[in-house]
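Here are my notes for you, point by point. Keep the viewer open while you read, and find each residue as it comes up.

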Amino acid sequence: MVSIDNGAATANGHAAAAAKAAVSDGAVYPLASQANGAQPENDSSRKRKMTSLPLEVGTRVNCRWRDGKYHPVKVIERRKLPSGGANDYEYYVHYTEFNRRLDEWVKLEQLDLNSVETDVDEKVEDKVTSLKMTRHQKRKIDETHVEGHEELDAASLREHEEFTKVKNIATIELGRYEIETWYFSPFPPEYNDCTKLFFCEFCLNFMKRKEQLQRHMRKCDLKHPPGDEIYRNGTLSMFEVDGKKNKVYGQNLCYLAKLFLDHKTLYYDVDLFLFYVLCECDDRGCHMVGYFSKEKHSEESYNLACILTLPPYQRKGYGKFLIAFSYELSKKEGKVGTPERPLSDLGLLSYRGYWTRVLLDILKKHKGNISIKELSDMTAIKAEDILSTLQSLELIQYRKGQHVICADPKVLDRHLKAAGRGGLEVDVSKLIWTPYKEQS
Ligand code: ACO
Ligand code: ZN
């Protein structure tokens, strides 16, 4: 399976720091052409002499990344170094081959000035000099429930990217972990001067300073998310939190989650959502590892709005557990469900893996014909998602005006192997839950 680098997010950030040190330890690295032994007066060095500093926003250039190699980037923003001279800037760059979560501030030494393409992207520069947001956009950004924004047109989407282009909070402390963030999150204006925030891991209140958090922890009497524990299996617990009853918790969770979710907009209306918070429990309390949110009433048959596994807990099967859990709730409701769109790259990988495993397990065991509708009834997976999964695996053929599933056992085994590990199982016998009903 291809690995998508998540950026560093590890216990106490040690590996993260180590990985970063390779590119930002203050050492002066040779430019790529010098490292390759290029002659001083060749074409590229002449080009370099012509490159004027500081680089413009929109410039395309190669940048030395944490893997030690050069990758193409686009300069998204620049800022003057406090102690530096007139040309001493650092640059916020987007690696054009990678997801936005890997955008970062880099020093000039990391850039190969021989590779500069001076054609500044005018659209970006215009936006930088005159950053204007429509009132509609401002409202969307300011609000605090996370929701897909596929309804945004291309222009609004560009505005969204413009406003959220530079990460505001670089790291957070949460429980035992220091975590590097991935994306911008619209914290209230009083946090504008912060690059690090300290979260109470239980009530999710966030603070600017460690001492504030320590004082808070002495007073905070929560040891698990507010709400009802609806599932416990060994050390794993799931809590259902009603956004209406626990508004501040819901909003805090959204602010936190947005740090790891890109194409989502925040809405204040947490009242309309339930939050399913997954925890690992020990004698110190129940520590959140991830969550998903779900609309209380969804007209589009969404059974999940946003899903997140906190970076230190990723790739351990919790994502598939959360997805499986969302379908178990749908089964109890007697409905089919689908995740809200758009899916992120990692969201799609996780869903595809889950759908493949669930559907192919059934096809392997099933004797005789089976229809998409039957598969949907058995799994609570929406028919469109079943069709797209089977089509992507080339298991569907169109014969005599009908879709037919072709399930050769050897082919199924091959796909199942490629779909990765099954993830943590949801033991339905441990789920004590009734579907949401509005209380009068
Ligand atoms: N590189 C390659 N494959 C990956 C990666 C990665 N970094 N992360 C997940 N996958 C794939 C793998 O196939 C993996 O299965 P495997 O480990 O058996 O190979 C599968 O996805 C899921 O792995 P899990 O361990 O079950 O999932 P995880 O706990 O890592 O959570 C999640 C997945 C929730 C998508 C996580 O990556 C995350 O929180 N990402 C940030 C937020 C996000 O993008 N959420 C989805 C947005 S869409 C929506 O909310 C509707
Ligand atoms: Zn607290």
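1. Start with K331 and E328, which form a salt bridge whose closest N and O atoms sit 3.1 Å apart. Keep in mind that this is a predicted model. Both residues belong to helix α9, which covers residues 318-333, and because they are 3 residues apart there, about one helical turn separates them. Are the two buried or partly exposed? K331 has 37% relative accessibility, so K331 counts as partly exposed. E328 comes out at 13%, so E328 counts as buried; the cut-off for buried is under 20%.

2. That pair is not alone: the count for this model comes to 21 salt bridges. One of them joins R232 to E229, with 2.9 Å between the closest N and O atoms. E229 is partly exposed, at a relative accessible area of 33%.

3. Now look at E211 and R209, another salt bridge, where the closest N and O atoms are 3.0 Å apart. E211 has a relative accessible area of 41%, which makes it partly exposed. R209 is also listed at 41% relative accessibility and counts as partly exposed.

4. Some salt bridges link up. Which residues are linked in a network? They are E173, E178, K196 and K210. Hold on to K196, as the next point comes back to it.

5. Next, the sheet. Four strands make an open sheet in the order β8-β7-β9-β10, and the pairing is mixed. At the edges you'll find β8 (177-180) and β10 (206-207), each of which pairs on one side only. Further in, β7 (residues 171-174) and β9 (residues 196-199) run parallel and are joined by 4 bridges. If you'd like to check a partner pair yourself, take T171: its bridge partner in β9 is K196. So K196 turns up in the sheet and in the salt-bridge network.

6. Last, go to the zinc ion, ligand 2. Which protein atoms act as its donors? They are SG of C200, SG of C203, NE2 of H216 and SG of C220, at 2.1 to 2.3 Å from the zinc ion. Along the chain, these donors follow the spacing C-x2-C-x12-H-x3-C. Among them, C200 and C203 are both buried.

7. Why is the zinc arrangement called tetrahedral? The 4 donor atoms subtend angles of 98 to 120° around the zinc ion, and four donors count as tetrahedral if all angles lie between 85 and 135 degrees.

How values were computed
Residues numbered from 1 in each chain as written. Chains lettered and ligands numbered in written order. Predicted model: local features only at pLDDT ≥ 70, side-chain atom pairs only at ≥ 80, totals over all residues. Heavy atoms only, no water. Donors = N, O, S within 2.8 Å, 3.2 Å for Na, K, Ca; no water. Tetrahedral: all angles 85-135°; square planar, octahedral: opposite > 155°, others 65-115°. Buried < 20%, exposed > 50% of the residue type's maximum accessible area, 1.4 Å probe, protein only. Pairing = 2+ DSSP bridges. Helix = DSSP H or I, 4+ residues; strand = E, 2+ residues; numbered from the N terminus. Salt bridge = Lys/Arg side-chain N within 4 Å of Asp/Glu carboxyl O.
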